[in-house]
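Thanks for coming, everyone. I'll keep this brisk. Please look at the screen.

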Amino acid sequence: MIPRNPHLAALKAGYLFPEIARRKREFAAAHPEDPSKPETRIISLGVGNTTEPVLPRTTAGLVEGARKLGTVEGYSGYQDEGLPELRKKIAGVFYSRSAGPGGEGTSPFSIDEIFVSDGAKCDIGRLQLLFGSETPAVVQDPSYPVYVDGSVLIGSAGSREAGEAGGGYGGITYLPCTAENQYFPDLSLVPENSLFYFCSPNNPTGAAATREQLTGMVSAARRQGCIIIFDAAYSEYIRDPALPKTIFEIPGARECAIEVNSFSKPAGFTGVRLGWTVVPKELRYAGGESINADWARIAGTIFNGASNIAQAGGLAALSDEGQKEIRRLCDFYLENAALIRSALSKLGISSVGGDNSPYIWARFPGRDSWEVFAEILEKCRVVTTPGSGFGPSGQSFIRFSAFGHRADVEEACRRLSFI
Ligand code: PGU
């Protein structure tokens, strides 16, 4: 018989979000909802899954994309790195300094530096193939669990405290991001020649890094020979104009950063599946080889491109009208976030986030996160995410997601007074 991949054994028991879904199912089975009593209905502010319908211009793009497939002239097959028009549009809309809504100033990126994907999570998994198991990984603690789990799967297993030396495997370093450091890590702890996963606006803390912080991070990465994997999945939630929306606003980032992004959270594409990754041509390995060329090789070998229907929807979402829709959708969720923060504050529970991100990070000093999760589920019938699921520094925190129908969020806020 064939042995199990040993890296699978190094993973923590289950992925965080299915574990939450399991506990919710268990609770629902023990406490069935009574349709005549709305207060018994379970409301989910757990997994960050969008809830509002895709808006009209974007929907029309999806429909048109499907319709074209049914015609001889409009039919298309494999797209590999993505529709050239979409890659050009992404380069123009997200990376031109001069671009306003729908505008495409001169992009610093050519279309062969923009790779369209089926989502940021999928690309984070595939990106790890570029570097192999000997490369140390560094993560913000707390952080989106895919960075750690993906690194474990590739063989970087075994974690160590920040600053400690590794051995054999690359190792994973956790950089605490706590109230004491305003949720931004101590960059002096970043090990040399490591892969630095960084998410801003952050999941789960909601912290959006400032230009000064990111400038410090780019210089630290260049000094230390690191590559930053910058996850900008929530960049469209940034409302403070002083905050950078992409790592490529920082001079020098082209030599040390890869950026992943997604249509999931801004356009409601969590189920449609569409994202992109930017791999600048300047990026090199220690031996001088091109990382961009290898990424094209990997994409061509184990990925056959995003759905052409999703890409037609993405193109529509980036039209002038589509971008207004994105803004509207993000504003709606940010209003939810404000309601949640205000409800928590009235209860004397301190929280951060929610102003430039759809997550609220609430502190329950001295408590175990899973215990608070269970208490909120039992007393309020509201599903949340326990902070400890995002890393050791998440202990005693709860993440509230602002993705929900307005009436559900209002009802959840009302019920929070039961804790
Ligand atoms: N990057 C970050 C930082 C995320 O929080 C998420 C989703 C993704 C990427 C995924 O992007 P896609 O383009 O849709 O692949 N985070 C959600 C969903 C949970 C999950 O397992 O992906 C969350 O609740 O954290």
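How do the residues of the shell around the ligand divide into nonpolar, polar and charged? The split is 10 nonpolar, five polar and five charged. Before I go on: this is a predicted model.

Let's stay with the ligand. There are 20 residues around it. Those that come nearest are Gly48, Tyr144, Tyr234, Ser262 and Ser264. Two helices each supply at least two residues of this shell. They are helix H5, residues 120–127, and helix H8, residues 264–267.

Now the polar contacts. Start with Ser262. One of its polar side-chain atoms is 2.6 Å from an oxygen atom of the ligand. Next, Ser264. An N or O atom in the Ser264 side chain also sits 2.6 Å from a ligand oxygen. Then Arg273. Here a polar side-chain atom lies 2.7 Å from an oxygen atom of the ligand. How much of the ligand does the protein bury? Taken alone, the ligand exposes 560 Å², and the protein buries 93% of that.

On to the empty space. The structure holds three cavities of 30 Å³ or more. The largest cavity has about 60 Å³ of space. What lines it? The lining includes Gln128, Phe131, Gly132, Thr135, Pro136 and Ala137. Also in the lining are Ser151, Ile154, Ser156, Leu195 and Tyr197. Helix H6, residues 146–154, supplies at least two lining residues. So does strand E6, residues 195–199. By type, the lining of the largest cavity has six nonpolar residues, five polar and no charged. Keep the shell around the ligand in mind here, with its five charged residues.

Two single residues to finish. First, Glu113. Where is it? Glu113 lies in the loop between helix H4, residues 84–95, and strand E2, residues 114–117. Is Glu113 buried or exposed? Glu113 counts as buried, because its relative accessibility is 3%. The cut-off for buried is under 20%. The side chain of Glu113 has a partner, too. One of its polar atoms lies 2.9 Å from the backbone nitrogen of Ser110.

Second, Gln79. Its place is in the loop between helix H3, residues 56–69, and H4. Gln79 has a relative accessible area of 17%, so Gln79 is buried as well. One last pair of numbers. Gln79 and Asn261 are 182 residues apart in sequence. In space, C-alpha to C-alpha, Gln79 and Asn261 are 19 Å apart.

That's my tour. Over to you.

Technical notes:
Residues numbered from 1 in each chain as written. Predicted model: local features only at pLDDT ≥ 70, side-chain atom pairs only at ≥ 80, totals over all residues. Heavy atoms only, no water. 1 Å grid on protein atoms, 1.4 Å probe; cavity = no way out; pocket = protein on both sides within 12 Å on 5 of 7 lines; lining within 4 Å. Points joined across faces, edges and corners; volume = space filled by probe spheres on them. Helix = DSSP H or I, 4+ residues; strand = E, 2+ residues; numbered from the N terminus. Nonpolar A, V, L, I, M, F, W, Y, C, P; charged D, E, K, R; others polar. Near = heavy atom within 4 Å. Polar contact = N/O pair within 3.5 Å; in protein donor to acceptor, adjacent residues only side chain to side chain. Areas by Shrake-Rupley, 256 points an atom, 1.4 Å probe, with all protein chains shown as cover. Buried < 20%, exposed > 50% of the residue type's maximum accessible area, 1.4 Å probe, protein only.
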